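Here's a quick walk through a two-chain model, from the contact between the chains to a few backbone oddities. Have a look at the structure first, then read on.

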Amino acid sequence: MVKGVRFRDHQVVGDILELAARYCDEGADELVFYDITASPQNRTVDRSWIARVARVLDIPFCVAGGIRSVVEAEEVLNAGAEKVSVNSPALTEPALVDALAKRFGSQCVVVGIDSQTVGDEFEVYQFTGDPQRTRGTRRRTLDWVREVQDRGAGEIVLNCMASDGVRQGYDLRQLRAVRPVCHVPLVASGGAGTPEHFVAVFAEANVDGALAASVFHTGAIDIGELKRYLSGNHVEMRA
Amino acid sequence: MTTDVAIIANGGANIASLRIALDRLGASSELTSDPAALRRAPRVILPGVGAAADAMDRLRALNLVELIRTLPQPVLGICLGMQLLFESSEEGETSCLGVIPARVRKFPTRDGLPVPHMGWNRLTPRCQSPLLRGLDDAPHMYFVHSYAAPVGPSTLATSEYGAEFSAVVQCRNFLGTQFHPERSSRAGSRVLANFLELQ
């Protein structure tokens, strides 16, 4: 299980540390920190918080948000993150994925993909952190999934935009379409509302991880209880 | 004053979490490639993120291969660091440190299992070991790897991903974990604490 923590400015770092420690304590297997406004505003994440987060966590964590170069990724990893996740910058400059994989190994390189159904196809979207700048890329999602793997991505987080935040369940149709072409770990994102949604995404879309944010932030789902429920429903995971 | 652990500086970027984990256990650590510092450290950790051939090239360039092979104190290889203890690796077709006579191979991609193997997986201990003291039965540890070492006489614990592989190894004073103890929550911390108690 993976979860996202969204935040926009460093005034909330105190809360982030507290939240990170709490989730870690409750049994989260990995944390993902998104600075979703980094790419649209053409700035990179403020990194002073990463080292502080690293101090309170003894599980892996990934940092996403406006990482546009090997140097920037190296700073994030040196501060204690396990992985970096790239999304919009990889669409602008796909060779970034190759460069990151070559320097740090594929296991450090996550590619986030924001995707939605357009007609009969799935299309990749860019700059989704800012509604004013969000745009379709005309890239077909399945093609992009294949390409980033060829370039060295070690994990793909597929954020199904239509499901995001509405808590009606993961986009099983889209995830099932992506799974056969994704030979690296695939993490589902967007749509978790109930424990049953988690069971369904593992059982029916055969994903390697499920990411959720709002249900944990609001306390709608307790991580410990969720994990017990999943274990009882044939999803093997760390207790 | 000497530090508790010398971490071999081998160009990897992911050292921070290891140092923090040691710090949490009250152990001081020093990141170094200085032969004298490595020789006098009470314990040595060989970390490793990246590719085997690159890592061996760097160790050769630093002139550390023979030195590491002959260290008498407890040495812990983590992840790629564990794989480097073996004779050779299929990753970049490189010879390694040759402490353990076996070859590290790529995970078979048949069975449709995603590679790298990334996530929490159970350990199955095969024998008693000071390194594994105090752990629950079959604890979950955090793994990230595309290559794996076969099960053999040096295997202290196995894990399974498509096939069984070595998750913890020991040969004399050389120990290795395929998982990342520094990112494996309380169970991983226990393994590091056990390592720090080895003489």
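Strands here are DSSP runs of E with at least two residues, numbered from the N terminus. With that in hand, A138(B) is easy to place: this residue sits in the loop between β9 (124-125) and β10 (140-145) of chain B. Keep in mind that the model is predicted.

What is unusual about the phi of A138(B)? The angle is positive, about 45 degrees, even though A138(B) is not a glycine. R172(B) isn't a glycine either, and its phi is positive too, at about 55 degrees. You'll find R172(B) in the loop between β13 (163-171) and β14 (174-177) of chain B.

Are these residues buried or exposed? A residue counts as exposed if 12 or fewer other C-beta atoms lie within 10 Å of its own. A138(B) has 12 such neighbours, so it is exposed. R172(B) has 11, so it is exposed as well.

| Residue | Phi | Other C-beta atoms within 10 Å |
|---|---|---|
| A138(B) | about 45 degrees | 12 C-beta atoms |
| R172(B) | about 55 degrees | 11 C-beta atoms |

Another loop of chain B, between β7 (100-106) and β8 (117-122), holds P116(B). The peptide bond joining V115(B) to P116(B) is cis, with omega about 5 degrees.

Now for the contact between the chains. Chain A puts in 27 residues and chain B 23 residues. On the chain A side, α2 (48-56) and α3 (70-78) each supply at least two residues. The largest share comes from α3(A), with 3 residues. By type, the chain A side splits into 11 nonpolar, 8 polar and 8 charged residues.

Note on methods
Residues are numbered from 1 along each chain as its sequence is written. Chains are lettered from A and ligands numbered from 1 in the order in which they are written. This is a predicted model: local features need pLDDT of at least 70, side-chain atom pairs count only at pLDDT 80 or more; totals for chains, interfaces and linings use all residues. Two residues are in contact if their C-beta atoms, placed from the backbone, lie within 7 Å. Helices (H or I, at least four residues) and strands (E, at least two) are DSSP runs, numbered from the N terminus. Ala, Val, Leu, Ile, Met, Phe, Trp, Tyr, Cys and Pro count as nonpolar, Asp, Glu, Lys and Arg as charged, and the others, Gly among them, as polar. A residue is buried if 20 or more other C-beta atoms lie within 10 Å of its own, exposed if 12 or fewer, and partly exposed in between; C-beta atoms are placed from the backbone.
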